[in-house]
Amino acid sequence: MKTMDPKKFLENFGRPETLWMYACARCGECVDVCPVFKETDDKYTAPGYKIKKMRALIHKQLMPFGGGADKETVEKVAKGLYECTLCGRCWSVCPYNYDLVDLWEKARESAFDNGLAVDAHLQMIDALKAENNIFKMAHDRRRKWATGLDVPVGEKADVVFFVGCLMSYRGQLKPSAKAMATIMSAAGEKWTLLENEVCCGVPMKFSGGVESMKELIEANVSEIESTGAKKIVFSCPGCYRMFKQEYSKLLGDRVQLVHSTELIDSYLKAGKIKLRKSDQTITYHDPCELSRLTGVIEEPRNVFAKATNSYVELPGNKFNVECCGGGGLYKAADLDRSLAIAQKRIGQAENRGAATLTTACPSCYMTLSQAARQKKSEVKVSDFAEVVAQLLE
Ligand code: SF4
Ligand code: SF4
């Protein structure tokens, strides 16, 4: 780990970020909607306050005899940067449409480079370096979820199913991966898994340790190109957004990137699969990274229109979705508060009379399931693809 140097904390900021921080109108709109600040009441977690303090640090650094940034403030700011779900709610209300998620990510890079990263994040990076997954589980167990299934692996195909670390290794998510495999096969898709899929690298991006991402990206790109696929489908919005932001630079427009909700919606529209209708009351939690940050909003709803006669919306949904509390590696920084935020979401599903709370993100699924268990809620948290697979005709 590098030694902390407060003067260098802001080194990673370019001119646009610095200008934006000074352009901030101090209106406080972002503070009012931040799920973490609502939970902690600690001003260092409030987005506008973090910007104010970073501005002050820049100012001190710029002053010729100012003595530079002070260590204590830098540490408090860095802690606040990791106490954030990267949900983008702050950005969505900012009258300047200031890309705050990008700012938080860049600021985490500075924190990381100054030895201020969260210990759990550093352990995650060690695991990635050792086994190419965040759980430090043996790489050759990545496809264990597919045991007993006749799934294509490393074949020439039209579509690659990029499974991601959570669905590959977490027992409770293995049925979700199986459900996607079932749906694609039912639609007659010519698809394949990668022979050697590795983590997409998004945990490194979120922790700020971006230096090691490159190797993982190159490994996945080479595997994808060997299949000749023209489309990659993701169940995890984190992997999906990571590909859109980082992999597209290498893949160009040769490969189309789609989320499972988009693919399933297209199958239904083309008549490739049919669903019978459930009579259960279903609601849907938009994953922040899928709805607000990537714009996939209507596709899952199109599917629900064909999957149930009783669909209800949650408050704080679509573009204005209220975060489940589990994004941005926040669980690793503060598990209790992350789950407290998720419990509020479960409470909202209860109030809407939902029997099933569906989501289309493995991270949201795990956070919400854990919160529902803690809360002893009767609401069943389900994965989107699993719900669809169960209703396949
Ligand atoms: S991204 Fe979400 S959690 Fe982070 S500061 Fe903005 S509103 Fe708060
Ligand atoms: S909403 Fe935008 S302009 Fe207002 S305080 Fe937050 S960052 Fe500044």
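These are my notebook entries on the domains and one sheet of this structure, which is a predicted model.

**Entry 1, domains.** I looked up how the chain is divided. The assignment lists domain 1 (6-116), domain 2 (120-266) and domain 3 (274-390). I then turned to domain 2 and domain 3, whose centres, taken over C-alpha atoms, are 22 Å apart. Their contact draws 30 residues from domain 2 and 26 residues from domain 3.

**Entry 2, the side of domain 2 that touches domain 3.** I checked which helices give at least two residues each to this side. They are helix 8 (119-131), helix 9 (165-169), helix 10 (174-186), helix 11 (202-207), helix 13 (237-251) and helix 14 (260-269). Helix 10 has the largest share, with six residues. I also sorted this side by class and noted 14 nonpolar, 11 polar and five charged residues.

**Entry 3, a sheet.** I traced an open sheet of four strands and wrote down its order as 2-1-3-4, with parallel pairing. Which strands stand at the edges? They are strand 2 (191-192) and strand 4 (256-259). Each has a single partner strand, so one side of each lacks a neighbour in the sheet.

**Entry 4, strand 3 and strand 4.** I followed the pairing of strand 3 (residues 231-234) with strand 4: the two run parallel and are joined by four bridges. For I232, I found the bridge partner L257 in strand 4. Helix 14 packs on the sheet and touches both strand 3 and strand 4. I noted that the direction of helix 14 makes about 90° with that of strand 4. Helix 14 is also one of the helices I listed for the side of domain 2 that touches domain 3.

Notes: Residues are numbered from 1 along each chain as its sequence is written. Chains are lettered from A and ligands numbered from 1 in the order in which they are written. This is a predicted model: local features need pLDDT of at least 70, side-chain atom pairs count only at pLDDT 80 or more; totals for chains, interfaces and linings use all residues. Domain bounds come from an automatic or database domain assignment. Two residues are in contact if their C-beta atoms, placed from the backbone, lie within 7 Å. Ala, Val, Leu, Ile, Met, Phe, Trp, Tyr, Cys and Pro count as nonpolar, Asp, Glu, Lys and Arg as charged, and the others, Gly among them, as polar. Two strands pair if DSSP finds at least two bridges between them. Axes are lines fitted to C-alpha atoms, for helices over the stretch in contact, and angles run from 0 to 180 degrees between N-to-C directions.
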